[in-house]
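Please open the structure in the viewer and keep the selection tool at hand. The stops below proceed from helix packing to a pocket, the cysteines and the whole chain.

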Amino acid sequence: MQKKISNNPFNGTPEQEKKLREVIDANKHDKSRLIAVMQEAQDIYGYLPMEVQEIISEGMDIPMEKIFGVATFYAQFSLSPKGKYNISVCLGTACYVKGAGILMEKLEEQLGIGADECTPDGKFSLTACRCIGACGLAPVLTVNEDVYGKLVGDDIAGIIAKYAD
């Protein structure tokens, strides 16, 4: 699955940038520390927007193409922010054959976003995942740590409403 670059505006703070530059300064002598720097950057910002990748590229003197290549190759890195409530739909075999695709469609329709995207207000993000080990409850989705199983498309509105604040 190809990663999507966020359409949400970058909202980094000066404090976050200061922390990132400290991480870069401590590691720029060793280009093999790139992944560690990127992990720390993601811990600071919650994801790796292009602006952060550019700071890393400049600070470590590593081409932007390499930074972006690493960010898109490894599943641990996200190019879009996570919402306050991250909804993850299991698309493993058991969930998929029991209707997880329909759940995903309903979520995209009701939230107005696609997979690996975040609502403009930052409240919800949507991801697809592989088996979460709850096959007996298929199809399953999680909202942060809350697990919902044996779902049908009509259940989605009620689940979203629980988190709408």
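**Stop 1: helix 1 against helix 3**

Select helix 1 (residues 14-27) together with helix 3: their axes come within 10 Å and cross at roughly 35 degrees. The model is a predicted one. Viewed as a pair, helix 1 passes helix 3 in a right-handed crossing.

Now display the side chains in this contact. Helix 1 contributes Glu17, Leu20, Arg21, Ile24 and Asn27, while helix 3 contributes Val52, Ile55, Ile56, Glu58, Gly59 and Met60. Coloured by class, the contact of helix 1 with helix 3 shows six nonpolar, two polar and three charged residues.

**Stop 2: helix 2 against helix 3**

Keep helix 3 (residues 50-60) and add helix 2 (residues 34-45); the two pack at an angle of about 145 degrees, and their axes are 11 Å apart. Helix 2 also passes helix 3 in a right-handed crossing.

Which residues of helix 2 meet helix 3? Select Leu34, Val37, Met38, Ala41 and Tyr45 in helix 2; their partners in helix 3 are Val52, Ile56 and Met60. By class, the contact of helix 2 with helix 3 holds eight nonpolar residues, with no polar and no charged ones. Val52, Ile56 and Met60 of helix 3 are also part of the contact with helix 1.

**Stop 3: the second largest pocket**

Tyr45, in the contact of helix 2 with helix 3, leads to the next selection. The second largest pocket encloses about 250 Å³ of space. It is lined by 15 residues, of which Pro9, Asn11, Tyr45, Tyr47 and Pro81 are the closest to its centre. By class, the lining of this pocket comprises seven nonpolar, seven polar and one charged residues.

**Stop 4: the cysteines**

Select the cysteine sulfur atoms next. How many disulfides are counted? The count comes to zero. Cys129 is in no disulfide, and the nearest cysteine sulfur, that of Cys90, is 4.9 Å away. Move to Cys131: its closest cysteine sulfur is in Cys135, at 3.7 Å, and no bond is assigned because this is too far. The cut-off applied is a sulfur pair within 2.5 Å.

**Stop 5: the whole chain**

Finally, clear the selection and show the chain as a cartoon. Its secondary structure consists of seven helices and five strands. Followed along the sequence, the pattern reads α-α-α-α-β-α-α-β-β-β-β-α. Aligned to the principal axes, the C-alpha atoms of the chain fill a box of roughly 55 × 30 × 20 Å.

Methods. Residues numbered from 1 in each chain as written. Predicted model: local features only at pLDDT ≥ 70, side-chain atom pairs only at ≥ 80, totals over all residues. Heavy atoms only, no water. Axes fitted to C-alpha atoms, helices over the stretch in contact; angles between N-to-C directions. Helix = DSSP H or I, 4+ residues; strand = E, 2+ residues; numbered from the N terminus. Left-handed = near helix turned anticlockwise from the far one by under 90°. Contact = heavy atoms within 4.5 Å. Nonpolar A, V, L, I, M, F, W, Y, C, P; charged D, E, K, R; others polar. 1 Å grid on protein atoms, 1.4 Å probe; cavity = no way out; pocket = protein on both sides within 12 Å on 5 of 7 lines; lining within 4 Å. Points joined across faces, edges and corners; volume = space filled by probe spheres on them.
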